[in-house]
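Me: I would enjoy a close look at one part of this protein, the charged side chains and how they pair. Could you walk me through that part and then set it in its wider surroundings?

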Amino acid sequence: MKKVLALIGTLLIAAMAFAGCGGEQQGAKSDAKTLKVGATAVPHAEILEVVKPILEKEGIKLEIVEFNDYVQPNLALNDKELDANFFQHEPYLVNFMEEHKEVKLKNAFGVHIEPMGVYSKKVKDLKELKDGAAIAIPNDPTNGGRALLLLQKAGLITLKDGVKEKATVQDVTGNPHNFKFQEVEAAQVPRTLDDVDAAVINTNYAMQVNLVPTKDALFMEDSTSPYVNIIAVREGDEKRPEIQALIKALQSKEVKDFITDKYKGAVVPAF
């Protein structure tokens, strides 16, 4: 009986030791560095896919969380559900924080420019737009103002002096052809193309519906556009080693070559 009890005791000790080893291994896995970045699908998530193997060499696992709107990525980042996000330009971020006082985010790095463009299924040239034509623009304050500035640059309208990206349809002072503006959520603007005469579309959403900006846009922002798409982080996280590694990887030759070759001028590196 004593021998049986001794054998049972030995087996229990061995089992506990094995469990302890397993627990240590599990703990080691949980300590692995993971960077969770929110992004819209095109081109942001595609660019981040190029970054994945670069960060892996630094011992960092990049997890990409895709969003299809411009609101949730900032709220999720502020709520610490993400470590960073990549989908917006700084004017949008500044305006977002003015409207959401609880959000405290910072521009950590400018990656690329996505020139906004004017598209149409009804005309081949903006000069063909008839009086009273309907033009869809994004309804968020920053991209809406950006769209109106583009229409002014195209010679279609005139805006009140000094409004810049804060422009709204109420700031249109010159509209000789009496164009009608339909304000739509940015992600939904491409879906209006069958119903309106023209639409001003963010490049990432244009590409999602197989529009090629350099071929299909009737008018586009040029390389002087101030709307650089950024990596945003929470205030105080700018110097985190994982964030710095992400920024370094985004500046790599692999990323620059990918942007240049993949998007052929529809997306332009800003570094």
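Reply: Happily; what follows starts with the charged pairs, turns to an aspartate without a partner, and ends with the protein as a whole.

Please keep in mind that this is a predicted model. Side chains of opposite charge can pair when their charged atoms come close. With a cut-off of 4 Å between a side-chain nitrogen of Lys or Arg and a carboxyl oxygen of Asp or Glu, the count here is 11 salt bridges.

Let us begin with E238 and K106, whose side chains form a salt bridge at 3.8 Å, N to O. E238 sits in the loop between β12 (228–234) and α8 (241–250), while K106 belongs to strand β4 (residues 105–113), so this pair ties together parts that are 132 residues apart in sequence. K106 is partly exposed, its relative accessible area being 35%.

Now to some other charged residues. R234 and D237 meet in a salt bridge at 3.3 Å, N to O, and both of these residues are buried. R240 and E242 also pair through their side chains, at 3.6 Å, N to O. E242 has a relative accessibility of 15% and therefore counts as buried. These pairs are part of something wider: salt bridges with shared partners join D83, R234, D237, R240 and E242 into one network.

D140 makes an interesting counterpoint. This aspartate is buried but has no salt bridge; the nearest side chain of opposite charge is that of R146, 8.5 Å away. In the fold, D140 is placed in the loop between β6 (134–138) and α5 (141–153). Which residues does D140 touch, leaving aside its neighbours within four places in sequence? They are Y70, Y92 and A186.

Helix packing is worth a look too. The axes of α2 (residues 41–56) and α9 (residues 253–263) come within 10 Å and cross at roughly 145°, and the crossing is right-handed. On the α2 side the contact is made by P43, E46, I47, V50, V51 and I54, and on the α9 side by E254, V255, F258, I259, K262 and Y263.

Finally, the wider setting. The protein has 9 helices and 13 strands, and 46% of its 271 residues count as buried. Among contacts with a separation of 6 or more, 73% are between residues 24 or more positions apart. The accessible surface comes to about 14,300 Å², with 53% of that belonging to carbon and sulfur atoms.

Notes. Residues are numbered from 1 along each chain as its sequence is written. This is a predicted model: local features need pLDDT of at least 70, side-chain atom pairs count only at pLDDT 80 or more; totals for chains, interfaces and linings use all residues. Side-chain values use heavy atoms; hydrogens and water are left out. Helices (H or I, at least four residues) and strands (E, at least two) are DSSP runs, numbered from the N terminus. Buried means under 20% relative accessible area, exposed over 50%, partly exposed in between (1.4 Å probe, protein chains only). Lys and Arg count as positive and Asp and Glu as negative; His and the chain ends are not counted. Contact means heavy atoms within 4.5 Å. Accessible areas come from the Shrake-Rupley method with a 1.4 Å probe; for residues, only the protein chains shown count as cover. Axes are lines fitted to C-alpha atoms, for helices over the stretch in contact, and angles run from 0 to 180 degrees between N-to-C directions. A crossing is left-handed if the near helix is turned anticlockwise from the far one by less than a right angle, and right-handed if clockwise.
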